[in-house]
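Q: I have a model open on my screen and I'd like to learn how to read a few of its odd spots. Can you walk me through them?

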Amino acid sequence: MRSAFIVSFLAFMIVAFSSCDRNRVYDEYKSLSGWNKDSVVTFELNNIDSSKVYDLFINIRNNNEYEYSNLFLITEIKFPQGKVISDTLEYEMTKPSGEWLGTGFGDVKESKLWYKEDVRFDEPGQYKVTIQQAMRKNGEVDGIQELEGITHVGFRIENSDN
């Protein structure tokens with residue numbers, strides 16, 4: 001009797017947690033051990049439904065070794081037919097008090113950052129999304145060679161509500 005209850009409870013929990021993420025179309029992370037200024041994180045997207053509209057997110061996991069309150073990124077979406085959309089983005093990573101804005105327990109925090117909304121992938125073929133850090137210290141021209149404290153960079157596509 002007790003084992004049947006445990007199995008039923010576990011099955012319920014699996015269904016409950018998997019149904020919480022119905023909007024997810026694509027979600028992948030790349031692990032980092034220091035993010036070199038010349039290192040590009042790449043995500044390859046295949047078989048995205050061209051009839052739907054999506055919201056795009058950049059997910060960042062950082063620990064307390066990250067020394068900054070913001071994060072500058074350079075992103076590109078490379079379309080199958082050759083078009084490229086580039087963006088330079090800035091995200092706040094802390095509150096004015098210095099407390100991390102991300103969620104999570106312990107040392108690692110995860111930030112789900114808006115990238116683009118209401119996007120259509122209307123060209124057939126493979127898309128590539130690249131993300132590169134563009135951090136520099138105030139008053140310095142050269143970027144930070146090795147950015148510490150970013151443990152993972154992720155890219156997520158969700159079905160849009162529109």
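**A buried acid and two unusual phi angles**

A: Let's start with Asp 55, which is buried yet has no salt bridge: the nearest side chain of opposite charge, Lys 112, is 8.4 Å away. Keep in mind that this is a predicted model.

Q: Where does Asp 55 sit, then?

A: Asp 55 is part of strand β4.

Q: Which backbone atom does the Asp 55 side chain reach?

A: Look for the backbone nitrogen of Asp 118: the side chain of Asp 55 gets to that atom at 3.1 Å.

Q: And which residues does Asp 55 touch, leaving aside those up to four places away in sequence?

A: Among them are Trp 114, Lys 116, Glu 117 and Asp 118, and also Arg 156, Ile 157 and Glu 158.

Q: How should I read a phi angle?

A: Start from the general pattern: most residues other than glycine have a negative phi. Now back to Asp 118, which isn't a glycine but has a positive phi near 55 degrees. Asp 118 belongs to strand β7, residues 109–119.

Q: Is Asp 118 buried, partly exposed or exposed?

A: Partly exposed, because its relative accessible area is 37%, and exposed would take over 50%.

Q: What about Asn 47: what is its phi?

A: Asn 47 isn't a glycine either, and its phi is positive, about 55 degrees. You'll find Asn 47 in the loop between β3 (41–45) and β4 (54–62).

Q: Is Asn 47 buried or exposed?

A: Asn 47 has a relative accessible area of 78%, so it counts as exposed.

Notes
Residues are numbered from 1 along each chain as its sequence is written. This is a predicted model: local features need pLDDT of at least 70, side-chain atom pairs count only at pLDDT 80 or more; totals for chains, interfaces and linings use all residues. Side-chain values use heavy atoms; hydrogens and water are left out. Helices (H or I, at least four residues) and strands (E, at least two) are DSSP runs, numbered from the N terminus. Buried means under 20% relative accessible area, exposed over 50%, partly exposed in between (1.4 Å probe, protein chains only). Lys and Arg count as positive and Asp and Glu as negative; His and the chain ends are not counted. A salt bridge is a side-chain nitrogen of Lys or Arg within 4 Å of a carboxyl oxygen of Asp or Glu. A polar contact is a pair of N or O atoms within 3.5 Å; within protein, one must be able to donate a hydrogen and the other to accept it, and residues adjacent in sequence count only if both atoms are side-chain atoms. Contact means heavy atoms within 4.5 Å.
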